[in-house]
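User: I should like to learn how to read the packing and pairing of elements in a model of two chains. May we begin with the place where strands of the two chains come together?

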Amino acid sequence: MPSLDDLKKRIKSVKSTQKITKAMKMVAAAKLRKAQESAEKGRPYSQKMQNIILNLTKSINDLQNAPKLLVGTGEDKKYLCVVLTADRGLCGGFNSNICKLAKTNFKKILGEGKELNIITVGSKGHDQIKREYGKYVIKKFSFKDKKNISFKEADEVGKEIISLFNQTKFDKCIIFYNNFKNVITQIPQAQQIIPAETKNLKEGNEQNFSYEFEPDEDEILEDLLPKNISTQVFKALLENAASEQGSRMTAMDNATRNAGDLVDKLTIDYNRSRQASITKELIEIISGAESL
Amino acid sequence: MLNKFTVEIISPDQLVLKQETNEVTIPCYEGQMGILKDHIPLITFLRPGLITIKSENESKYYVEEGTVEFSNNNLLILTSTVKNLLNFDQNSISDLIQKEEAKLNDPKISDKERYIASYKLDTFREINQ
């Protein structure tokens, strides 16, 4: 049985932890609104970009000579995986969910005897991945000091991906991130960005225009595809930022509730043992008086 | 509403503008292009220059690059570098002009870079007037 003093200290420490988690929850809630807003604002850009590319792809007849970024190198040997995570912890399963998904994919890629390269964005993901797959990590990005993710950061990552592609360091590129569905649900996702996935988009869009291109399809595609890579990375970063805050909010909400439960339980223990010691003292006094 | 179509300017982080308009002039790679209602479907990309949107009143936007799609009387401009001319800092323009001039004098840049820089310079000069 812990002493009264110990219990008192314990209650105090749990209470101050509760205060911290509560504050973190509120901060996350405020940040979430902002992050969610920018994620939603960013969606039209990437969607429309995808649409344009789709329309362009449709009107290209000579797929053999189409830009490599669109159709791939035609091989399937080397993979580049870009894992996007947060820079801060204490956000529930956010980081580990992405890493788990990424690791299952790594295992599959390596199991098939293919070459693997990894780029990590965000220090938490890097920490988790380097333990097992450290030798495959070729580059790590961290935007810890940036308050808000802007297109510039995404462009940095996108340019790196493209320059690696031009050096034929990989045939396929997959990015891993959390898709923000709502505050409680974030879905870890793997999205292939090189070669561009156009299959699933094709069905929904039945409109078919004959476009006029200026200067011509190939040149526009060559201008557009690198931009699209950065846009996809940017979209993933925004989704990730919103997911991170959402995940942190729920995690901290749970933590605050758990701390409350713990305080209640400890207070009962404390009162009980205080009562026990009072009763004990009373018995001692009474039995002492009786013996006289 | 007659002879009007929709123009949308979207940057990666937000919807910059969506409105009905009569005419839009965009700086395409191979020259200025004026777009009116019922233009044929078009996809092209931009060089540095000014987008002019004419409806009741005229508004101008500075862009450095971007992609344009016109279909179904909907003009879509995707760009990551868009700035309303009203918000342009007049004091910084002379700095920008000098910077581009220096860039043009650099013999090492490629033809494409030179092309872009010269248009940037022209646009800044136009703004400065």
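Analyst: Let us start with a single pair of residues: Phe213(A) stands opposite Ile43(B), which lies in E5(B). The model in which this pair is found is predicted. The pair belongs to a pairing between strand E6 of chain A, residues 212–214, and E5(B); the two strands run parallel and are joined by 3 bridges.

User: How many residues of each chain are in contact across the interface?

Analyst: In this model, 21 residues of chain B are in contact with 23 residues of chain A. On the side of chain B that touches chain A, at least two residues each come from strands E1 (5–11), E2 (14–21), E5 (42–46), E8 (66–71) and E9 (74–78) of chain B. E5(B) gives the most, with 4 residues. By class, that side of chain B has 12 nonpolar, 6 polar and 3 charged residues.

User: Which strands pair with E3(B), and in what sense?

Analyst: Strand E3 of chain B (residues 23–28) pairs with strand E6 of chain B (residues 49–54) in the antiparallel sense, over 3 bridges. In that pairing, Thr25(B) stands opposite Thr52(B) of E6(B). E3(B) also pairs in the antiparallel sense with strand E4 of chain B (residues 31–35), here over 5 bridges. Pro27(B) stands opposite Gln32(B) of E4(B), and E3(B) and E4(B) form a hairpin with 2 residues between them.

User: How is chain B divided into domains, and what is found where they touch?

Analyst: The domain assignment gives domain 1 (5–85) and domain 2 (89–128) of chain B. Taken over C-alpha atoms, the centres of these two domains are separated by 22 Å. The contact takes 6 residues from domain 1 of chain B and 6 residues from domain 2 of chain B. On the domain 1 side, these are 4 nonpolar, 1 polar and 1 charged by class.

User: How should I read a pair of packed helices?

Analyst: Two packed helices are described by the angle between their axes and the distance between the axes. In chain B, helix H1 (residues 90–105) and helix H2 (residues 111–128) pack at an angle of about 155°, with their axes 9 Å apart. Angles over 145 degrees count as roughly antiparallel, and H1(B) and H2(B) are therefore roughly antiparallel to each other. Their crossing is left-handed. Among the residues that meet are Ile93(B), Leu96(B) and Ile97(B) in H1(B), and Ala117(B), Leu121(B) and Phe124(B) in H2(B). The residues of this contact divide into 8 nonpolar, 2 polar and 6 charged.

User: What does the same reading give for H5(A) and H7(A) in chain A?

Analyst: Helix H5 (residues 151–166) and helix H7 (residues 217–291) of chain A pack at an angle of about 130°, their axes being 8 Å apart. H5(A) and H7(A) are therefore oblique to each other. H5(A) passes H7(A) in a right-handed crossing. The contact includes Phe151(A), Val157(A) and Ile161(A) of H5(A), with Pro226(A), Val233(A) and Phe234(A) among the residues of H7(A). By class, this contact has 10 nonpolar, 2 polar and 2 charged residues.

User: At what angle do H1(A) and H7(A) pack?

Analyst: Helix H1 of chain A (residues 4–59) and H7(A) pack at about 160°, with their axes 5 Å apart. That angle makes H1(A) roughly antiparallel to H7(A). The crossing of H1(A) and H7(A) is left-handed. Their contact divides into 30 nonpolar, 17 polar and 13 charged residues.

User: What is the strand order of the open sheet in chain A, and which strands are its edges?

Analyst: The open sheet has 5 strands in the order E3-E2-E1-E4-E5, with mixed pairing. Its edge strands are E3 (137–141) and E5 (186–194) of chain A, each of which pairs on one side only. From one strand to the next, the twist averages 20°. Strand E2 of chain A (residues 115–121) pairs with E3(A) in the parallel sense over 4 bridges, and Ile119(A) has Lys139(A) of E3(A) as its bridge partner.

User: Which helices lie on this sheet?

Analyst: Helix H4 of chain A (residues 123–133) lies across E1 (78–84), E2 and E3 of chain A, and runs at about 155° to E2(A). H7(A) also packs on the sheet, touching E1, E4 (172–180) and E5 of chain A. The direction of H7(A) makes about 35° with that of E4(A).

Terms used:
Residues numbered from 1 in each chain as written. Chains lettered and ligands numbered in written order. Predicted model: local features only at pLDDT ≥ 70, side-chain atom pairs only at ≥ 80, totals over all residues. Axes fitted to C-alpha atoms, helices over the stretch in contact; angles between N-to-C directions. Parallel < 35°, antiparallel > 145°, perpendicular 65-115°, else oblique. Left-handed = near helix turned anticlockwise from the far one by under 90°. Contact = placed C-beta atoms within 7 Å. Nonpolar A, V, L, I, M, F, W, Y, C, P; charged D, E, K, R; others polar. Pairing = 2+ DSSP bridges. Domains from an automatic or database assignment.
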